[in-house]
Amino acid sequence: MNVLECKNLVKVYGKVVAVKNVSLGIGRGETKVIFGPSGSGKSTLLRCLGLLEKPTSGNIYFNNVDVYATKQDLNKLRAKIGFVFQEPSLFRHLTALRNVMLGLKHVLGYSEEESRSKAMEALRLVKMEDWANYYPAQLSGGQQQRVGIARAIAMDPEIILFDEPTAALDVELKWEVISVMKDLADRGITMLIATHELRFAKEVADEMIFMDQGEIIEIGDAEQFFTSPTTERARRFMAKLLG
Ligand code: ADP
Ligand code: MG
């Protein structure tokens, strides 16, 4: 069963068709990777799937229920869909722990004590428990991003969407975030990840999705993309990425 799915999703901004007729499903426990050139519509697609933006047309299904057609409570659903952005945008005046506790207390309504214990558990998962009482400014970009992942995972979402989570990080800080995402994949967390880290994708992706100009051009396993992409566009993009 698909946790999250879209059918014929279209998103238009003025004259720009950011996403053109995309259909895609992510089954429970699956990890899928989206990649493609800048401006190909990856972020827009993720924001629509995360219910952060309403599609211009098309359908989005959460656990097989058509979200917009059945007028679901969007805030309730959003709490079940984790989102990790390129920049974690933590609250600067709150410690790592407090940042992770925020949604637990104010969205899910857990007590102070329960929130703290769930937040600590999430920080342990991303190997940040020793940094719980540090403020964002005292943490490296990679550590901040791991707190961002902890904030998402603490809410016990049914799926986590990642939008180029390592793109803003120096090479030497990328690995720690990638290693955390690998752990999550191994634990069977359902994930849809936009990333250009192809070697990481090769290890975790059940399926890779190549987008260009708002459309899915090719879907396949990593092996296919690394050895013999079927479309010319994917072939050219792979060649560029792999240098
Ligand atoms: P990607 O994440 O693959 O780089 P985006 O989804 O960010 O692609 O962008 C796809 C297209 O939609 C681009 O042409 C971009 O300029 C446009 N776009 C994205 N978000 C907006 C927005 N909020 N307003 C206007 N145009 C947007
Ligand atoms: Mg983007």
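Q: Which residues lie nearest the centre of the largest pocket?
A: This is a predicted model. In it, 20 residues line the largest pocket. The ones nearest its centre are Arg78, Ile81, Phe83, Arg151 and Met155.

Q: What volume does the largest pocket have?
A: The volume is the space filled by probe spheres set on the pocket's grid points. For the largest pocket, that space comes to about 490 Å³.

Q: Which element gives the most to the lining of the largest pocket?
A: Four elements each supply at least two lining residues: helix H2 (74-78), strand S6 (81-84), helix H3 (96-106) and helix H5 (141-154). One of them contributes four residues, the most to this lining. That element is H3.

Q: How many residues in the lining of the largest pocket are charged?
A: Take the lining by class. Nonpolar residues number 11, and polar residues number seven. The charged residues number two.

Q: Which residues are the closest to the centre of the second largest pocket?
A: The second largest pocket has a volume of about 300 Å³. Its lining holds 16 residues. Closest to the centre are Glu121, Ile153, Ala154, Met155 and Asp156.

Q: Which element gives the most to the lining of the second largest pocket?
A: Helix H4 (112-125) and H5 are the elements that give two or more residues here. The top contribution is four residues. It comes from H4.

Q: How many residues in the lining of the second largest pocket are nonpolar?
A: Set the other classes aside. One lining residue is polar and five are charged. The nonpolar residues number 10.

Technical notes
Residues are numbered from 1 along each chain as its sequence is written. Chains are lettered from A and ligands numbered from 1 in the order in which they are written. This is a predicted model: local features need pLDDT of at least 70, side-chain atom pairs count only at pLDDT 80 or more; totals for chains, interfaces and linings use all residues. Side-chain values use heavy atoms; hydrogens and water are left out. On a 1 Å grid over the protein atoms alone, a cavity is a set of points where a 1.4 Å probe fits but cannot get out, and a pocket is an open set with protein on both sides within 12 Å along at least five of seven lines; lining residues have an atom within 4 Å of a point. Ala, Val, Leu, Ile, Met, Phe, Trp, Tyr, Cys and Pro count as nonpolar, Asp, Glu, Lys and Arg as charged, and the others, Gly among them, as polar.
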